[in-house]
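Visitor: I am new to this structure and would be grateful for a close look at a single part of it. Please present the model first, and I shall then put my request.

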Amino acid sequence: MAEHAAPHHHDEHAAHHEAGFVRTYLFSTDHKIIAMQYMFTGMAMGLIGAYFAYAFNMQLAFPGMDVPGFGVVSASRYNALVTNHGSIMIFWVAMPVLLAAYGNYLIPLMLGCDDMVFPRINRLSYQIFLLSAIVLVASFFVPGGGFAGAWTSYPPLSAKPEYGLTPLGSSMWLAAVALEFVAFLLGGINFITTAMNSRAPGMRLYDVPMVIWMIVVASILFMCSVGPLIAGAIMLLMDQNLGTAFFDPERGGDPILWQHLFWFFGHPEVYVVLLPTVGIVAEIITTFARKKLFAYRTVLYTVFGTGVLSFTVWAHHQFIAGIDPRMAHIFTITTLLISIPIAEMMFIYIATLYGGSIQFTTPMLWALAFIGEFLIGGVTGIFLGASGADVYFHDTYFVLAHFHYTFFPITIIGFYAGFTYWFPKMFGKMMDERLGKIHFWGTIIPFNMIFIPLFVLGAAGQHRRIYDYRNFPDLSQPWMWNTRHVIAAAVCTMLAFQAVFFINLAKSLIAGKKAPKNPWRANTLEWTAESPPPHGNWAELPRVYRGPYEYSVPGRKQDYWPQNEPA
Amino acid sequence: MAHAHATHHPINYIRVWFILVLLLIVSVAGPFLGIRWVTLLTAFGIACIKAVMVARNFMHINLEQRYISYVIITVLVFMLLFFAGVSPDVMKKEGSGWVKPSWKAAAAASSAAQGGAAHH
Amino acid sequence: MSSAARPIATTRSAAGMPTGKLAVWWVIASEIVIFGGLLASYIMHRLAHDAWSAQAAHTNTWIGAFNTMVLLTSSLSAVLAHQAAERGDGPKAARLLYATVAGALTFLVVKAFEWSGEIGEGFTITSSTFWSFYYTAAGLHASHVIAGAILMLFVAADARRNLELHRVELIGIYWHFVDIVWIFLFPLLYIAK
Amino acid sequence: MSWTPILARLVPEASSYARDLDLLFDLIFFLVGFWFLASLFTFFWLCWRFRRRDGQPAEYYDGSEWKLKRWVTYPHLLVLFCDVFIIVGAVKVWYDIKQYLPPAEQTVRVIAQQWAWTFVHPGADGQIDTADDIATLDELHLVVGTKYHFKLESRDVLHSFSIPAFRLKQDAVPGRVVTGWFEPTQTGTYDLQCVEICGIGHALMPAKAVIETKEEHAAWIASHSQVAIAATTPRASQE
């Protein structure tokens, strides 16, 4: 892809240092700046997604009310809200923040090189991503409103305007998603190539920090799974705009084909966002437990196992979608098998705590919370992976609660864990621990108050994407309404507490105390650079002598042993 | 390094190209015998041979690091997996407990005589 | 990027091959799944619909064969350009790359005439799902031909001044991949009837 | 047995296979619940036991030595062991509900569209697709203790035919006719939902499954024999 670089750009990179604000912060090719761009774009999109969640949760609890700060949530608006809440949180928050932001920031710093191998491709990747975000946001304001066919965008509803009634919205949504995929393909190839080729001298494969392994494996999973969906997106765009019939059975197409194209990507996608967070958690628990990561290689094998298995389970999203019932048996087995590497991974993380000396700093709290909450997400997945039980649970709030118990820990908890951990490196200031802990508890407690009740409602038969349950006598029992009120209250509480985070962010940026090079006494290479690292990261690129997790090595005065410290 | 290898055993690219063209002619000639399995063989068998020839002689995949071939093979395997998982629904007109009436109607309408080369 | 601007990271090769080439192979891997998804869907439908062979009968095998020929030849010139680049003969490599671009243009022109003919006969992209697949698959491939040709012009411009000669091989590898895709499209769309 | 399955406490069991599914749920619930509590307990215990204390440095393990690794390996083999039970149960329940098709005593045709359900019941002759069929809107009338086949189709987009009390759910796919079965075991009126988003009116497709005794049903047929409409779709004639 290096061919993209046009000759007239030659001096740009060299002339970087004396370049002005625009060059430095908007059109920079520096991996740290690009990481920040991804992160703050992702956070901005996250606020939109959260706002949508607030609006439709109020509507669910108090149907027909004039939601403060939003207005009345009509049926069509409700569908658009849930659709875009899902799309935003997965494609425009989880992906850019976990994969792109942390990937861009950490890969060069942890591997001891001065930048990504293709800085310009990297910048192009962000610019395409930004464009996709703009297209998506614009789609909310076109005639007919934003796309309202659920984030899975099943045809024929999404294929024909007369069904979906969002003539422009659906095409813009699809175009935005396709652009986003292109952005992450470019970024992913950059990540993979950098990690494969540009490790610091002396760094063997097993000296690579876990988070880098995870991000690279995630990029590979994304790259291998997204292709069919890109093809599918082209086909669906043509169905929408050119009148082809790829997904129209009357004219020789098949709507089920889209579901396969979508979920062949959609399931690996879960692991694409899961793995970076799992890696971040590995870095944090080892640092704050002052422990070597338990069975490094086994973790690695579980990652590879998960990655390969994740390509064989996709149709468990379609058990009752009209696929041949005989296929369901195969997909049940593969789905339950995938619980094994994941379970082992969680066991290992818990085992890592054994014999440690655990400091409950804010990042550590987030990391531990991830393990606890993700356990719930993992075990409830078993109910849905088991085809027999899924007949009842499919498309109920049980499913919804399940994947929020996976995606919330992955995206939100994972983001806060990484952000509070690397903040000193990113901005050269320490964060306020007290505010951090308030924010933590103010997020975790309401989160469980939202989604534990949703498991119960789902088990009681409450089905998804319904803007008003008053039409369903069995779903209008008093206890259900009370539960919905509790949930709405919890949503508002949780969102309110996010303000604490932004206050903490602003306070620390302005008045935070100066961060030393290595505030957490951690081993990995990024902590040997200045905080924040200058352009080029190191005056002299480091050399590596040992693995990343050599904490509390017996017979050493210090309880940590930086990777670059000669023996 | 790939180049080093390549110069050690030089490939006669003109000859490779010539063979490719010959194969192309065969694959075009195949259907004229009008036997389905011959057509399939000359069409897709030769396509695979040509693809491998280009990959080896022009892209030098066999001179690259081993893992390159493994990556390519892996993604191809994933595509087979995709086909295996999807075809029971999309490639069939009816299955266990479901049927696509419109597809069956269309099939009935088209005369069996025109059953194409790709027909199983 | 001029070597001056290139980060040190780009010059490392812990994986035992030049960074650019490694990236190109990953690009190809990601392209394989894109075409793979599309062609897998096409093959399934094709096997399910007997009627489609009757429609495929309207595609012109001779034009398809000629275009295959053109692409094979352009691949030859691309690989010869790579050979010249290895010998350090930039200008020759550039000339051969221009020849490859010429091949690409021939391919596209022929395709343009072919398509306008078919559309004239009333076989448009909406005539039937077979034709939808026909135009989509060939169109996606054609867009890769166009992209490849444009990139090749940049590479050739550098190569003529003996700059960035390693890129001659990279663009070549990509070009051969585009060729291979067509090698499969040809029987799928033209021969199987 | 006296044990009431967990789901049965939330939603009545009104079909022949509802109990099997609820028991499968309980099986998973207790197996998985055990693992969840065990890991969570260990997790919290380790967090508390190894909290930072002055003058007590952390220990150094590689984790590859078997005497430690087994504490991860044994549980993880046990998980595999439990998975086998879950797979067996899941496959069996699935087979009974979705794959196995008992001979039908009655057949109903279920047609979904934006945004309503049309149910075609056999008339007095007990045969579907005849002149005296009874087509109703958003109200499915069934006889308790009868094995029904349903033929499910959609006129426009994806819908999903779900009766929670039956533990039954099946997407209606345009271009497909999906055949399934159920046997009501309890009289009463239950929610019938569309659980696949189908446009603006998705929430406005509530229907009822009315389960009657033979006598009530006969009376209902009699009262509707006049309004019998040949509501069979073109699709029906092609079969």
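Visitor: How many residues do chain D and chain A each bring to the contact? Please describe the side that belongs to chain D in detail.

Guide: The model shown here is a predicted one. In the contact, chain A takes part with 81 residues and chain D with 77 residues. On the chain D side, several elements each give two or more residues to the surface that touches chain A. The helices among these elements are α1 (6–10), α2 (18–49) and α3 (66–99) of chain D, and the strands are β6 (159–163), β7 (168–172) and β9 (188–194) of chain D. The largest share of this side comes from α3(D), with 19 residues. Sorted by class, the side of chain D that touches chain A holds 45 nonpolar residues, 17 polar residues and 15 charged residues.

The division of chain D into domains gives this picture a frame. Domain 1 of chain D covers 6–99, and domain 2 of chain D covers 106–238. Between the C-alpha centres of these two domains of chain D lies a distance of 39 Å. The two domains of chain D also touch each other: nine residues of domain 1 are in contact with 14 residues of domain 2. On the domain 1 side of that contact within chain D, six residues are nonpolar, two are polar and one is charged.

Notes:
Residues numbered from 1 in each chain as written. Chains lettered and ligands numbered in written order. Predicted model: local features only at pLDDT ≥ 70, side-chain atom pairs only at ≥ 80, totals over all residues. Contact = placed C-beta atoms within 7 Å. Helix = DSSP H or I, 4+ residues; strand = E, 2+ residues; numbered from the N terminus. Nonpolar A, V, L, I, M, F, W, Y, C, P; charged D, E, K, R; others polar. Domains from an automatic or database assignment.
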